[in-house]
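Dear colleague,

I am handing over the structure below for your consideration. My findings follow it, and I would welcome your comments on them.

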Amino acid sequence: MADLQMVLSEAVKLNRSILQFLKFSIYTDYDDLSGLDIDRTDSEQLLLWEELRRITDKLADVQEYVSYLTRPITEVSILRKGTAGKYRTAKGHFYDCRSSIEALVTDEYHEVPYWTRTVVEHNREDYYLVGYKDLPMKGLRVRVRSAA
């Protein structure tokens, strides 16, 4: 039976192929397939282009998710509110609207606290985690991973 580390290892292998495909399709140059040479008067080519665009968008998401999981953790810290109202880690990593964040959270579905990846937003009063509005950011345990 496969375990979690074996599945991650296979995902990393798959990720190499996905990245190669994204480069081949020139998706990495344009963030879409607009650079492909197609006959825009050919209805069959337009269908193929549209379907491949959907596929490459999803593959690009998969590639980013797997890459994220393999980036080393550079800091584990408790959030404090800075003078500008933004939350920061001990090493100075700041969070504001639309910042990606990895936080240790609790909920009614899990028996233990667990790490999750979400986004920070602001409600005109304070910052909060999307999906965890009732969880205060002050004192929240977070992890920071190296840049891509």
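The notes below take up the two sheets, then the helices and a surface patch.

Please bear in mind that this is a predicted model.

I begin with the sheet of five strands. This sheet is open, its strands are paired antiparallel, and their order is 1-8-5-6-7. Strand 1 (73-78) and strand 7 (127-129) are the edge strands, each pairing on one side only. From one strand to the next, the twist averages 35°. At one edge, strand 7 is joined to strand 6 (residues 114-122) by three bridges in the antiparallel sense. Within this part of the sheet, His122 has Tyr127 of strand 7 as its bridge partner.

Helix 3 packs on this sheet, where it touches strand 5 (100-105), strand 6 and strand 8 (141-145). The direction of helix 3 makes about 115° with that of strand 6.

The other sheet is also open and antiparallel; it has three strands in the order 2-3-4. Strand 2 (80-81) and strand 4 (94-95) each have a single partner strand, so one side of each is left without a neighbour in the sheet. Strand 2 and strand 3 (residues 87-88) run antiparallel and are joined by two bridges. Arg80 stands opposite Arg88, the latter being in strand 3.

Turning to the helices, I would draw your attention to one polar residue. Is Asn15, in helix 1 (residues 4-24), buried or exposed? Asn15 has a relative accessible area of 8%, and because buried means under 20%, Asn15 counts as buried. Leaving aside residues up to four places away in sequence, Asn15 touches Val62, Gln63, Val66 and Ser67.

The last item is a nonpolar patch on the surface, formed by Phe21, Leu48, Leu52 and Ile55. Together these residues have about 320 Å² of accessible area. Which helix contributes the largest share of the patch? Helix 3 (residues 43-70) does, with three residues. Ile55 is placed in helix 3. The relative accessibility of Ile55 is 41%, which lies between the limits of 20% for buried and 50% for exposed, so Ile55 is classed as partly exposed.

I should be grateful for your views on these points.

With kind regards

Terms used: Residues are numbered from 1 along each chain as its sequence is written. This is a predicted model: local features need pLDDT of at least 70, side-chain atom pairs count only at pLDDT 80 or more; totals for chains, interfaces and linings use all residues. Side-chain values use heavy atoms; hydrogens and water are left out. Patches are made of residues with over 30% relative accessible area and no salt bridge: like charges are joined within 9 Å, nonpolar side chains (Val, Leu, Ile, Met, Phe, Trp, Tyr) within 5 Å. Accessible areas come from the Shrake-Rupley method with a 1.4 Å probe; for residues, only the protein chains shown count as cover. A salt bridge is a side-chain nitrogen of Lys or Arg within 4 Å of a carboxyl oxygen of Asp or Glu. Helices (H or I, at least four residues) and strands (E, at least two) are DSSP runs, numbered from the N terminus. Buried means under 20% relative accessible area, exposed over 50%, partly exposed in between (1.4 Å probe, protein chains only). Two strands pair if DSSP finds at least two bridges between them. Axes are lines fitted to C-alpha atoms, for helices over the stretch in contact, and angles run from 0 to 180 degrees between N-to-C directions. Contact means heavy atoms within 4.5 Å.
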